[in-house]
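Please look through the sequence and the model below, and then follow the explanation from one element to the next.

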Amino acid sequence: MTEPLFLSMAFDVSLTDPARLLAVLDDMASAGLNLSRLDDIEPARKVYSEATITDLLTIPPVSKELPCRNPLGRGERSHIGIRACIPREPGGGSANIVDVTMNRPMKRDMSILAAFFEGDFFARHDAAYACLDTWPEYARQHVAGTINDRLPGVFWLNWLSRRYVEEIGEDVILSLPWFRATRRAGGLTCWLYEDLGEVPDDRAERVDQFETDLGREKFVKSGWENLPQLAVSTE
Amino acid sequence: MVQTPPSCDSWSCLANATGLTAAGKCLWASDVSDCAQAAGQALMLGLSAEGDTPDPEFDAAADEASPATPVPSQLIRGQKFEKEALAELGLSKNTNSVSGGSIPDAVESGEIWEFKDVKYQTMSTQFRNYFATGDVVNLVVNPDTVVSNPLQGAIFRSGGEILVREAPGVYDGYQG
């Protein structure tokens with residue numbers, strides 16, 4: 001496979017707490033996504049460590065004026081992008097996201113990333129939404145807006161936590177012609193087709209049809225009134 | 001390794017505390033339009049400001065056309081690109097800085113817009129400062145600009161988009 005793989009995870013908790021972000025990254029390292037460098041500008045030069053994470057998240061301190069941190073991690077062939085924000089009002093552009101780009105992926109890498117959807121990682125870390133596909137396909141479907149403005153799209157692998165499942169309706173989701181859909185702790189994992197390495201010719205048409213069946217307004221910025229709002233202030 | 005005092009509540013404070021020179025502070029914490037003189041010196045020395053990589057072919061042609069100008073050609077070109085794109089997108093020039101000292105080219109409905117007429121754009125201190133605001137960050141580039149993958153990802157995570165100015169008034173999504 002020549003195209004980079006892209007895994008994106010949106011969390012229903014704030015990742016500005018160094019201990020929480022460290023727990024997420026440690027679990028990802030255990031799964032095979034080790035980081036060697038971490039920084040908030042390119043090139044990432046700081047050596048990855050607990051102290052580096054703490055510094056990047058706390059100096060200067062997160063505040064209402066500076067609510068987000070955006071560290072970039074670098075591993076052997078993987079890049080990890082992080083957006084960690086304290087809770088803000090809905091629509092403020094904030095979100096708590098961790099994504100992984102895997103360059104020159106091998107079959108083993110696909111398995112590493114897909115394994116996040118089959119274990120309890122999402123449930124343990126309050127990941128409310130996740131998707132896995134190639135970077136070009138993710139970029140093709142990209143529509144402006146945060147996870148609190150719209151659903152990002154329909155991808156090879158899709159994780160919808162209970163909050164999304166309840167709003168959309170489990171029966172609606174499961175009635176779609178997924179290759180496979182399984183219930184996991186805290187949500188549903190849905191495969192659009194069998195093998196990411198063997199993209200069906202009609203992928204774009206399938207994506208289009210699934211978006212229509214789920215409700216096209218859900219994939220448009222501010223189009224879905226009941227879109228779950230992740231990690232936002234309730235004040 | 002630079003030691004950073006925990007008492008600082010902004011990146012400008014860090015720049016001062018770490019004893020950077022005027023030009024260094026400019027490169028570290030601000031953008032080209034904030035400190036044209038210092039950035040200009042850096043560009044004339046062959047350095048780039050905040051991750052921008054100027055286009056040498058354009059620079060050579062512009063320098064030939066106006067050899068006496070004290071302003072680097074990249075600045076002139078960047079300002080022209082910004083001015084035209086702002087007008088085409090119906091945005092107004094912003095003059096207020098965000099924490100860290102960087103000044104977004106435009107701020108509209110709580111979203112930051114930055115215009116870059118460069119060869120290559122990375123996640124620079126300027127963009128780091130923008131993303132820290134928590135606001136959506138959008139980037140407008142020319143058709144030849146390469147946007148680094150980490151910056152593309154950071155823009156998408158913020159909820160923003162990257163537009164390519166294919167021709168005057170013609171914009172398309174960045175395809176990498």
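In which sense do E4(B) and strand E6 (residues 162-167) of chain B pair, and over how many bridges? In this predicted model, the two strands run in the parallel sense, and three bridges link E4(B) with E6(B). One of the facing pairs can be named, since Val140(B) has Leu163(B) in E6(B) as its bridge partner. E4(B) also pairs with strand E2 (residues 111-116) of chain B, to which it is joined by six bridges, and these strands likewise run parallel. Here Leu139(B) of E4(B) has Glu114(B) standing opposite.

The surroundings of E4(B) can be read from its side chains. Val136(B), Asn138(B) and Val140(B) point one way from the strand, Val137(B), Leu139(B) and Val141(B) point the other way, and all of them are buried. Because six of the six residues of E4(B), residues 136-141, are buried, the strand is largely enclosed by the rest of the structure.

In chain A, the description turns to a pair of helices. Helix H1 (residues 18-30) of chain A packs against helix H2 (residues 50-58) of chain A at an angle of about 135°, and their axes are 9 Å apart. An angle that is neither under 35 nor over 145 degrees, and that falls outside 65 to 115, counts as oblique, which is why H1(A) is described as oblique to H2(A). The crossing in which H1(A) passes H2(A) is right-handed. On the H1(A) side, Pro18(A), Leu21(A) and Leu22(A) take part in the contact, and they meet Glu50(A), Ile53(A), Thr54(A), Leu57(A) and Thr58(A) of H2(A). The residues of this contact comprise five nonpolar, two polar and one charged.

Key
Residues are numbered from 1 along each chain as its sequence is written. Chains are lettered from A and ligands numbered from 1 in the order in which they are written. This is a predicted model: local features need pLDDT of at least 70, side-chain atom pairs count only at pLDDT 80 or more; totals for chains, interfaces and linings use all residues. A residue is buried if 20 or more other C-beta atoms lie within 10 Å of its own, exposed if 12 or fewer, and partly exposed in between; C-beta atoms are placed from the backbone. Helices (H or I, at least four residues) and strands (E, at least two) are DSSP runs, numbered from the N terminus. Two strands pair if DSSP finds at least two bridges between them. Axes are lines fitted to C-alpha atoms, for helices over the stretch in contact, and angles run from 0 to 180 degrees between N-to-C directions. A crossing is left-handed if the near helix is turned anticlockwise from the far one by less than a right angle, and right-handed if clockwise. Two residues are in contact if their C-beta atoms, placed from the backbone, lie within 7 Å. Ala, Val, Leu, Ile, Met, Phe, Trp, Tyr, Cys and Pro count as nonpolar, Asp, Glu, Lys and Arg as charged, and the others, Gly among them, as polar.
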